[in-house]
Amino acid sequence: RMKAELGLAYAGVRVRQGEFTDGAAWCKRVVDEAHETENLPALAHAYYLMHLAYISNRSPERAALRGLALPIYEELGDLLGQANVLNNMGVDAYYEGRWQEALDLYERSKALRERIGDVVGAAQMTNNIGEVKSDQGYLTTATELFAEAREVFETSGHRMLAILALSNLGRAAAREGRLDTAKQMLDEALEAFEGIDAGGFALEARVRLAERAVLAGDAADALVHAGDALASIAETGDGSLYEALVHRVRGYALAQRSELDEAARAFARSLDVARGADETYELALTLEALGRLAALRDEDGSAEADEARGLLARLGVVSTPQPPLG
């Protein structure tokens, strides 16, 4: 049992560092041993953590892991385990564009956490719900949810989650046009994530800084952050939740510099990644970007624009970030 606990603890750190393939490999070792020893708690935890790793690197194997941990935790009567799995399933649904399902799963997870007195975990669900609301364009609601979650995290002394909420607040500020505030928040989040070696979250903060830069029309800064992010993705060799986003941001920065052919190639790469990973929201925003680029070039981008509008309507999006062009 102790060996399984140590293996899972090690795997969890590797996942937080952004080393998703290595984290999943450690989970697989625990799964094999847990089957042999009939260690159901370790088996459920390993399935849960492996699913998170596969969500994070967009592995197609994530689909096979979705339903494995929850029934084991239900058999064990482990409400916290059930809440953790429901959160994972919500994250998976979120990235695949099943946003109402994601919200329902987050609410179920939150209810279980409140039932067992897990105040910090319930605040995590508040934060996750805020991310959906932010992407849908309900920025005032999202900001309130992020601030509520951050207060809990800071009060409880959970530094990493407090930084995550700060990063989310920074992104919402950028989307609202409060660009100086956004930069300050995201710079602080990036420095803090790097300080604790949380590689996956540091990458996210860097991509968000690139996104803020294109919203500010600062193409040079956006290209620096986007280049650093792509180098980080290439260095790990894992897939990334942020690859489609960073290629799109890079495309916008290139378009702002009037390098329209290069911008088109960056958008095309973003499109390929988003379609390949079933990332509906990223796909919609990249299609929207291609439609805007086509208009800038006096070309017909109606097909891309129409597909984007359809996807965004399905997701319940009322507004999207609009980097300046032309």
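Student: Before we look at the second largest pocket, what counts as a pocket here?

Tutor: A pocket is an open set of grid points with protein on both sides within 12 Å along at least five of seven lines. The model we are looking at is predicted, and its second largest pocket has a volume of about 160 Å³.

Student: Ok, and which residues line that second largest pocket?

Tutor: The lining consists of Leu190, Phe193, Glu194, Asp197, Ala198, Gly199, Ala202, Leu203, Arg206, Asp228 and Ser232. Two or more of the lining residues come from each of helix H11 (179-195), helix H12 (199-215) and helix H13 (219-236).

Student: Which helix gives the most to the lining?

Tutor: That is H12, which gives 4 residues to the lining of the second largest pocket.

Student: And how does the lining divide by class?

Tutor: The lining of this pocket has 5 nonpolar, 2 polar and 4 charged residues.

Student: Switching to helix packing: at what angle do H1 and H3 pack?

Tutor: Helix H1 (residues 2-16) and helix H3 (residues 40-56) pack at an angle of about 15°, and their axes are 11 Å apart. Because angles under 35 degrees count as roughly parallel, H1 is roughly parallel to H3.

Student: Is the crossing left-handed or right-handed, then?

Tutor: H1 passes H3 in a left-handed crossing. On the H1 side the contact is made by Ala4, Leu8, Ala11, Gly12 and Val15, while H3 brings Ala42, His45, Ala46, Leu49, Leu52 and Ala53.

Student: How many of those contact residues are nonpolar?

Tutor: In the contact of H1 with H3 there are 9 nonpolar residues, together with 2 polar and no charged ones.

Methods: Residues are numbered from 1 along each chain as its sequence is written. This is a predicted model: local features need pLDDT of at least 70, side-chain atom pairs count only at pLDDT 80 or more; totals for chains, interfaces and linings use all residues. Side-chain values use heavy atoms; hydrogens and water are left out. On a 1 Å grid over the protein atoms alone, a cavity is a set of points where a 1.4 Å probe fits but cannot get out, and a pocket is an open set with protein on both sides within 12 Å along at least five of seven lines; lining residues have an atom within 4 Å of a point. Grid points are joined across faces, edges and corners, and a volume is the space filled by probe spheres set on the points. Ala, Val, Leu, Ile, Met, Phe, Trp, Tyr, Cys and Pro count as nonpolar, Asp, Glu, Lys and Arg as charged, and the others, Gly among them, as polar. Axes are lines fitted to C-alpha atoms, for helices over the stretch in contact, and angles run from 0 to 180 degrees between N-to-C directions. Angles under 35 degrees count as roughly parallel, over 145 as roughly antiparallel, 65 to 115 as roughly perpendicular and the rest as oblique. A crossing is left-handed if the near helix is turned anticlockwise from the far one by less than a right angle, and right-handed if clockwise. Contact means heavy atoms within 4.5 Å.
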